[in-house]
Amino acid sequence: MSAFDKLYKYVDENQEYFISKLAEVVAIPSVSGEAARRPDVVRMGKWLVSELQRLGATVSEHHPGKQTLEGQELDLPPIVLGAYGSDPAKKTVLVYGHYDVQPAFKEDGWNTDPWTLTEDAEGRLLGRGSTDDKAPVISWLWVIEAHQKLGIEMPVNIKMVFEGMEESGSEGLDEYINKEAKDGTFFKDVDCVCISDNYWLSTTKPCLTYGLRGISYFFIEISGPGKDLHSGVFGGQVHEPMTDLFALMSKLVTPNGKILVPGLYDTVAPVTAEEEKLYDTLDFKLNDIHVAMDSQVTIHSTEKEALMSRWRYPSLSLHGIEGAFSSPGSKTVIPAKVIGKFSIRTVPNMEPEEITQLVVRYLNDEFAKLGSKNTMKVECGHAGKAWVADTNHWNFVAASKAIQRVFGVTPDYTREGGSIPVTLTFQDALQKNVMLLPMGRSDDGAHSVNESMMRFNYIEGIKLLGTYLHEVSNLADA
């Protein structure tokens, strides 16, 4: 029996163990964007440290400093650093993931408790963080453990960077990577980078991802009255912050997705004939989007238009209003201060600093046109650039061979509409190839209600990550 066959047999026989460990981490509500949950984020980091130590890895924690959140000064969660193996004759693969998650509340529409992993009749493992990004993160640990149990030598050295702030702008991570790459030793032997924090293009065919959009997240704060007011007493007499905010947010984007900020499209790279051809061979149907979002409200009518709008053109989304009345029932209040939230997904050639300048200038001009006596300020909370990698690199070749071995198909090569700013940071700081090797499916519902990871994808994903490491070694030995 080959090493691959032994590995696959072991993973299949230990499915329930792997699922029980996923349940452990889903039960930790490690929401980085809520001050009250910060101890849980730290607890999740400690869980990883403990498991890595159990497996014999060398582990350390980098504490990146403090942040102010919801008026409180908090310690940023630790960046967990792990290393397993240090053989100079082997390749060293750096893997990255995050252990923090988005908020989740049962009343938002979850069918189950978001913090209790629940398997449904279709094999979905439901729970916040199941696919984004806890299953992929802990799967690297199960690859190490499987090799130990089977007595198979690890084919490469592994270094691990697991952070607890990805869902909140990865605060402190870029500074650590850049400084450590320049002055430290942790990254000095790294040959390539692998990240598993995204999803298949469809629900049936694996893919490799070589590009991501960037993100710039903005806040528009409008204030006027010194306190909340009664609309019956003051309605019609005061400039209302909510009215001003609605006016401004309505001028950011059209219902068909066109961004109205002047100059925003000026630096977007034109589509080449070669790029156009890539879209013709992808295993993707509009119905894949419809299934993923449980509706058919797509703007575009063709697959190519839909994917181009997701991958290679910018988009602007309105996310919410802080300070507004949002509870059930009626309340006749005029809020004294409201904060509108929106983000712009950016593409290659778009620079965050320039985007911020364009947005701030435009909103200031539009606010001045309102003639309001309220005050307005706009700021970019966090920003990350877009990223594109070389798919001809041996890192991608090894992953493609692994997918073919585990799933029996040649993967699609995709870009993605989401943002993982650390990809570009690793690429620039380490000058090494960075690749995204997704485990989850397009309909997993990351960031949404009823987020899930298919049992099939989790179990086969563990096999895939292990196989990828062996294929890296095989290419190195060739």
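A cavity is a set of grid points where a 1.4 Å probe fits but cannot get out. With that in hand, let's work through some exercises on this predicted model.

**Exercise 1. Find how many cavities of 30 Å³ or more there are, and describe the lining of the largest cavity.**

Solution. Start with the general idea: rolling a probe the size of a water molecule over the atoms shows where empty space is left.
- Step 1: the count comes to 2 cavities of 30 Å³ or more.
- Step 2: the largest cavity holds about 50 Å³ of space.
- Step 3: its lining is made of Tyr-210, Glu-275, Leu-278, Tyr-279, Leu-282, Trp-311, Tyr-413 and Arg-415.
- Step 4: helix H8 (273–278) and strand S18 (412–416) are the elements that give two or more residues to the lining of the largest cavity.
- Step 5: sorted by class, this lining has 6 nonpolar, no polar and 2 charged residues.

**Exercise 2. Work out which residues line the second largest cavity, then look at the backbone of Ser-170.**

Solution.
- Step 1: the second largest cavity has a volume of about 30 Å³.
- Step 2: Pro-64, Pro-77, Ile-79, Glu-163, Gly-164, Met-165, Ser-170, Glu-171 and Leu-173 line the second largest cavity.
- Step 3: locate Ser-170 in the loop between strand S8 (157–163) and helix H5 (173–183).
- Step 4: recall that most residues other than glycine have a negative phi. Ser-170 is not a glycine, yet its phi is positive, about 55 degrees.
- Step 5: the cut-off for buried is under 20% relative accessible area, so Ser-170, at 8%, is buried.

**Exercise 3. Take the aromatic pair of Phe-218 and Phe-342: is it stacked or edge-to-face, and what does it tie together?**

Solution. A pair of aromatic rings is described by the distance of the centres and the angle of the planes.
- Step 1: the whole structure has 15 aromatic pairs.
- Step 2: for Phe-218 and Phe-342 the centres are 5.2 Å apart and the planes are at 15 degrees. Planes under 30 degrees apart count as stacked, and this pair is stacked.
- Step 3: Phe-218 belongs to strand S11 (residues 214–223) and Phe-342 to strand S15 (residues 337–346), so the pair ties together parts that are 124 residues apart in sequence.
- Step 4: Phe-218 is buried, at 0% relative accessible area, and Phe-342 also counts as buried, at 0%.

For a further look at rings, try the cluster in which ring pairs link Tyr-96, Tyr-176, Phe-186, Phe-187 and Phe-426.

**Exercise 4. Check the length of helix H12 and list its buried residues.**

Solution.
- Step 1: H12 covers residues 394–407, which is 14 residues.
- Step 2: at 1.5 Å a residue, H12 should span 20 Å, and its end C-alpha atoms are 20 Å apart, so the two values agree.
- Step 3: the buried residues of H12 are Asn-395, Phe-396, Ala-398, Ala-399, Ser-400, Ala-402, Ile-403 and Val-406.
- Step 4: just past the helix, Gly-408 follows H12 with a positive phi, near 75 degrees.
- Step 5: add a side-chain contact: Arg-405 lies over the face of Phe-4, 3.9 Å from the ring centre.

**Exercise 5. Locate the cis peptide bond between Asp-132 and Asp-133.**

Solution.
- Step 1: keep in mind that most peptide bonds are trans.
- Step 2: the bond from Asp-132 to Asp-133 is cis, with omega near 10 degrees.
- Step 3: Asp-133 sits in helix H4 (residues 130–150).

Technical notes:
Residues numbered from 1 in each chain as written. Predicted model: local features only at pLDDT ≥ 70, side-chain atom pairs only at ≥ 80, totals over all residues. Heavy atoms only, no water. Phe/Tyr/Trp six-rings, centres within 6.5 Å; stacked < 30°, edge-to-face > 60°. Helix = DSSP H or I, 4+ residues; strand = E, 2+ residues; numbered from the N terminus. Buried < 20%, exposed > 50% of the residue type's maximum accessible area, 1.4 Å probe, protein only. Lys NZ or Arg CZ within 6 Å of the ring centre and 35° of its normal. Expected span 1.5 Å × (residues − 1). 1 Å grid on protein atoms, 1.4 Å probe; cavity = no way out; pocket = protein on both sides within 12 Å on 5 of 7 lines; lining within 4 Å. Points joined across faces, edges and corners; volume = space filled by probe spheres on them. Nonpolar A, V, L, I, M, F, W, Y, C, P; charged D, E, K, R; others polar.
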